[in-house]
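Hi,

Here is the structure I promised to pass on. Have a look at it first, and then read my notes underneath.

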Amino acid sequence: METKSKAKSMLCFSLGVILLVLLDQLTKMAAQTMLRTGPRPLIPNVFELQYLENRGSAFGMLQGQRIFFILMAGLMLLLIPYVHYKLPLTKRFWYLRVITVLFLAGAIGNAIDRIIHGYVIDFFYFSLIDFPIFNVADIYVTVSTFLFVVLILFYYKEEDFDQIKILSKK
């Protein structure tokens, strides 16, 4: 019975990742098509869509480290599905299963850009605070990381971690 549940969980995980990656890639294609001619203010002096080819990571750090980012995405492609598979199939761990979907979708979305273009397409820009330009995959990674930290600090208890047997053969 648990094998069927694990298979269903992995199917949902895979479909979730695929759908989120497709959403990310569609928004990047739209940005590439519609924003190359210049920014499009949505809320003047606050928020705009602005095309940027980012060859680094978040906030433009580690410029030109394409191979490093592709290798890290490959590692995530191996590690995160394994972690998802090992998570207990209880309501208590539902949040962590969602986080694995979000994080992997973000990693894959940006890796696709790096492989195909050599850079990541960014386009959301909060001009009011001059926040670095970002994309949908960045939102996935940021939200999943934030939620993970909040859950670790305030939701999960030490005995919950005893249930997660990442390195066991079960």
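Below is what I found, going region by region.

One caveat before anything else: this is a predicted model.

**Salt bridges**

Searching the whole structure turns up five salt bridges. I'll go through three, including a pair that share a lysine.

Start in helix 1, which covers residues 2–34. Asp-24 and Lys-28 are both in that helix, four residues apart, or about one turn. They form a salt bridge, with 2.9 Å between the closest N and O atoms. Both Asp-24 and Lys-28 are buried.

Lys-28 has another partner as well. Asp-113 makes a salt bridge with Lys-28, and here the closest N and O atoms are 3.1 Å apart. This pair ties together distant parts of the chain: Asp-113 sits in helix 3 (residues 94–116) and Lys-28 in helix 1, with 85 residues separating them. Asp-113 is buried, as is Lys-28.

The third one is Glu-53 with Arg-36, where the closest N and O atoms are 3.6 Å apart. Again the pair links distant parts of the chain, since Glu-53 is in strand 2 and Arg-36 is in the loop between helix 1 and strand 1, 17 residues apart. Glu-53 counts as partly exposed because its relative accessible area is 29%. Arg-36 is also partly exposed, at 48% relative accessibility.

So which residues end up in one network through shared salt-bridge partners? Those are Asp-24, Lys-28 and Asp-113.

**Other polar residues in helix 1**

Gln-25 is in helix 1 too. With a relative accessible area of 15%, Gln-25 is buried. Its side chain makes a polar contact of 3.3 Å with the side chain of Asp-113. If you leave out residues up to four places away in sequence, Gln-25 touches Gly-109, Ile-112 and Asp-113.

Then there is Lys-6, also in helix 1. Is Lys-6 buried or exposed? Lys-6 is buried, because its relative accessible area is 10%, and the cut-off for buried is under 20%. The side chain of Lys-6 reaches the backbone oxygen of Leu-87 at 3.0 Å. Setting aside neighbours within four places in sequence, the residues in contact with Lys-6 are Tyr-85, Lys-86, Leu-87 and Leu-89.

**The hairpin**

Strand 1 (residues 40–43) and strand 2 (residues 47–54) run antiparallel and are joined by three bridges. As one example of how they line up, Arg-40 has Leu-49 in strand 2 as its bridge partner. The two strands form a hairpin with three residues between them.

Two residues in that loop are worth a look. Pro-44 lies between strand 1 and strand 2, and counts as exposed because its relative accessibility is 59%. If you want a sense of where it sits, its C-alpha atom is 30 Å from that of His-117, which is 73 residues away along the chain.

Asn-45 is in the loop between strand 1 and strand 2 as well. At 65% relative accessibility, Asn-45 counts as exposed. Its backbone is what caught my eye: Asn-45 has a positive phi of about 65 degrees, although it is not a glycine. For background, most residues other than glycine have a negative phi.

**Another positive phi**

Where else does a positive phi turn up in a residue that is not a glycine? Asp-130 has one, of about 50 degrees. You'll find Asp-130 in the loop between strand 3 (120–125) and helix 4. Asp-130 counts as exposed, because its relative accessibility is 55%.

**A nonpolar patch**

Last, look at the surface around helix 4. Ile-139, Val-143, Phe-146, Leu-147, Phe-148, Val-149, Val-150, Leu-153 and Phe-154 make a nonpolar surface patch of about 830 Å². Taking one of them, Val-143 is in helix 4, which covers residues 136–155. Val-143 counts as partly exposed, because its relative accessibility is 37%. That also puts Val-143 over the 30% cut-off for patch residues.

If you only have a minute with the viewer, I'd start with the network of Asp-24, Lys-28 and Asp-113, and then turn to the nonpolar patch of about 830 Å².

Cheers

Definitions and conventions. Residues are numbered from 1 along each chain as its sequence is written. This is a predicted model: local features need pLDDT of at least 70, side-chain atom pairs count only at pLDDT 80 or more; totals for chains, interfaces and linings use all residues. Side-chain values use heavy atoms; hydrogens and water are left out. Patches are made of residues with over 30% relative accessible area and no salt bridge: like charges are joined within 9 Å, nonpolar side chains (Val, Leu, Ile, Met, Phe, Trp, Tyr) within 5 Å. Accessible areas come from the Shrake-Rupley method with a 1.4 Å probe; for residues, only the protein chains shown count as cover. A salt bridge is a side-chain nitrogen of Lys or Arg within 4 Å of a carboxyl oxygen of Asp or Glu. Buried means under 20% relative accessible area, exposed over 50%, partly exposed in between (1.4 Å probe, protein chains only). Two strands pair if DSSP finds at least two bridges between them. A polar contact is a pair of N or O atoms within 3.5 Å; within protein, one must be able to donate a hydrogen and the other to accept it, and residues adjacent in sequence count only if both atoms are side-chain atoms. Contact means heavy atoms within 4.5 Å.
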